Amino acid sequence: MAEFEVSKQNVFDDPAKRKVFWRSLWLQGCNTYARQQGLGFGTAMLPFLKMLYKDDPKGLSDAMMRHTELFNITPQCVTFVMGIVMAMEEEAVAKPEFDKSSISAIKIALMGPLSGIGDAVLWGSWRAIAIGIAISFSSQGSVLGPISFFVIFNVLAWAIRYFGYKIGYSSGMAFIEKATSTGLFENFTMAAKILGASVVGYMIASTVGLQTTLTFTMNDMTTALQADIFDKFMPSILPLVLCFGTYHFVKKGKSTPKILLGLILLAFAIALIEYIPFFQPVA
């Protein structure tokens with residue numbers, strides 16, 4: 001695979017490269033089965049490629065073919081790849097012996113690892129954190145609910161876009177080699193998964209309001225099923241059981257309407273058990 005030199009230029013200093021950054025938001029504007037995000041990637045790269053190959057129509061055509069090939073990645077991570085391939089395109093123009101097929105190879109090689117990290121961090125963990133905070137506000141009737149979700153999620157999403165673009169263009173390959181050799185990607189992904197799982201656990205305990213008022217009377221002593229048994233054994237065990245039960249049906253491929261209908265019927269059944277006097281179990 002061809003090597004390219006580390007760039008010392010700030011990628012945002014060039015107007016054409018700034019356009020590429022903003023056009024990266026269009027990545028999924030034309031998502032097809034044949035090329036997935038390929039057309040969006042090529043559209044974003046077009047201002048830079050026109051500037052770079054302004055006196056070489058054949059070079060521009062070949063570059064556009066390279067950058068409209070099949071491509072798929074977590075959208076927020078795409079700027080890192082764009083930064084790297086822009087530096088490689090500049091190197092290819094400066095050095096005729098540069099292997100241009102390595103540009104496509106780099107794109108393909110980065111799709112999987114960056115998508116794994118991006119999906120785990122943004123969709124698997126950070127979104128759960130933002131939702132948890134937003135729900136806590138929304139449950140109190142506060143307008144900060146949707147606002148907090150929008151702000152919290154996008155702070156990290158835009159940070160990944162911005163710094164990924166700068167790092168990708170200035171020292172992308174060196175960064176990848178260092179992160180891979182030190183295990184940074186694996187450790188960061190694992191930490192994000194643990195944090196996301198913790199937040200989901202907190203959301204179950206704090207937002208799923210399933211309790212029971214059933215009581216049992218034995219030898220003139222009344223025992224509350226919720227306070228005296230469930231809460232002492234494991235607080236919020238009923239919400240946990242409900243969530244795991246729902247997740248089981250999701251994994252089985254049951255549709256959302258059917259699951260919701262089942263939850264509604266379950267709520268009616270619990271109400272009957274709770275409030276019909278002759279159904280109260282008394283020893």
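From the N terminus on, the elements of this protein run α-α-α-α-α-α-α-β-β-α-α-α. That makes ten helices and two strands. The model you are looking at is a predicted one. Of the 283 residues of the protein, 35% count as buried. The points below walk through some places worth finding in the structure, grouped by topic.

**Salt bridges**

- How many salt bridges does a search of the whole structure find? The search finds four, and three of them are described here, beginning with E90 and K17.
- The side chains of E90 and K17 meet with 2.7 Å from N to O. Because E90 sits in helix α4 and K17 in helix α1, this pair ties together parts that are 73 residues apart in sequence.
- Is K17 buried or exposed? K17 counts as buried, because its relative accessibility is 2%. Its partner E90 is partly exposed, with a relative accessible area of 24%.
- R66 and E89 also join their side chains in a salt bridge, at 2.9 Å from N to O. R66 belongs to helix α3 and E89 to helix α4, so the pair ties together parts that are 23 residues apart in sequence.
- Both of these partners are buried: R66 has a relative accessible area of 10%, and E89 has one of 0%. The cut-off to keep in mind is that buried means under 20% relative accessible area.
- K58 and D62 form a salt bridge as well, with 2.8 Å from N to O. These two residues are four residues apart in helix α3, so about one helical turn separates them.
- Around this pair, K58 counts as exposed at 54% relative accessibility, while D62 is partly exposed with a relative accessible area of 32%.

**Patches on the surface**

- Which residues form a positive surface patch? They are K251, K252, K254 and K258.
- To find K252, look in the loop between α9 (237-251) and α10 (256-275). K252 counts as exposed because its relative accessibility is 58%, and exposed means over 50%.
- A nonpolar surface patch of about 570 Å² is also present, made by V143, L144, I147, F150, V151 and V155.
- One member of that nonpolar patch, V151, has its place in helix α6, which covers residues 144-182. With a relative accessible area of 42%, V151 is partly exposed.

**Buried spots and a polar contact**

- Where does T74 lie? T74 is in the loop between α3 (57-66) and α4 (78-94).
- Although it is part of a loop, T74 counts as buried, because its relative accessibility is 2%.
- The side chain of T74 reaches the backbone oxygen of S115, at 3.3 Å.
- V20 is placed in helix α1, residues 15-23. At 0% relative accessibility, V20 counts as buried.
- Along the chain, V20 and A44 are 24 residues apart, yet 5.0 Å separates their C-alpha atoms.

**A backbone angle to look at**

- Most residues other than glycine have a negative phi.
- Against that background, Q36 is a nice one to look up: Q36 is not a glycine, but its phi is positive, at about 50°.
- You will find Q36 in the loop between α1 and α2 (38-52). Q36 is partly exposed, because its relative accessible area is 29%, which falls between the cut-offs of 20% for buried and 50% for exposed.

**A pair in the later part of the chain**

- Helix α8 (residues 225-233) is the place of D231.
- D231 is partly exposed, with a relative accessible area of 31%.
- How far apart are D231 and Q211 in space? From C-alpha to C-alpha they are 9.9 Å apart, and in sequence they are 20 residues apart.

Terms used
Residues numbered from 1 in each chain as written. Predicted model: local features only at pLDDT ≥ 70, side-chain atom pairs only at ≥ 80, totals over all residues. Heavy atoms only, no water. Patch = residues over 30% accessible without salt bridge, like charges linked within 9 Å, V, L, I, M, F, W, Y side chains within 5 Å. Areas by Shrake-Rupley, 256 points an atom, 1.4 Å probe, with all protein chains shown as cover. Lys, Arg positive; Asp, Glu negative; His and termini not counted. Charge placed at Lys NZ, Arg CZ, Asp CG, Glu CD. Buried < 20%, exposed > 50% of the residue type's maximum accessible area, 1.4 Å probe, protein only. Polar contact = N/O pair within 3.5 Å; in protein donor to acceptor, adjacent residues only side chain to side chain.
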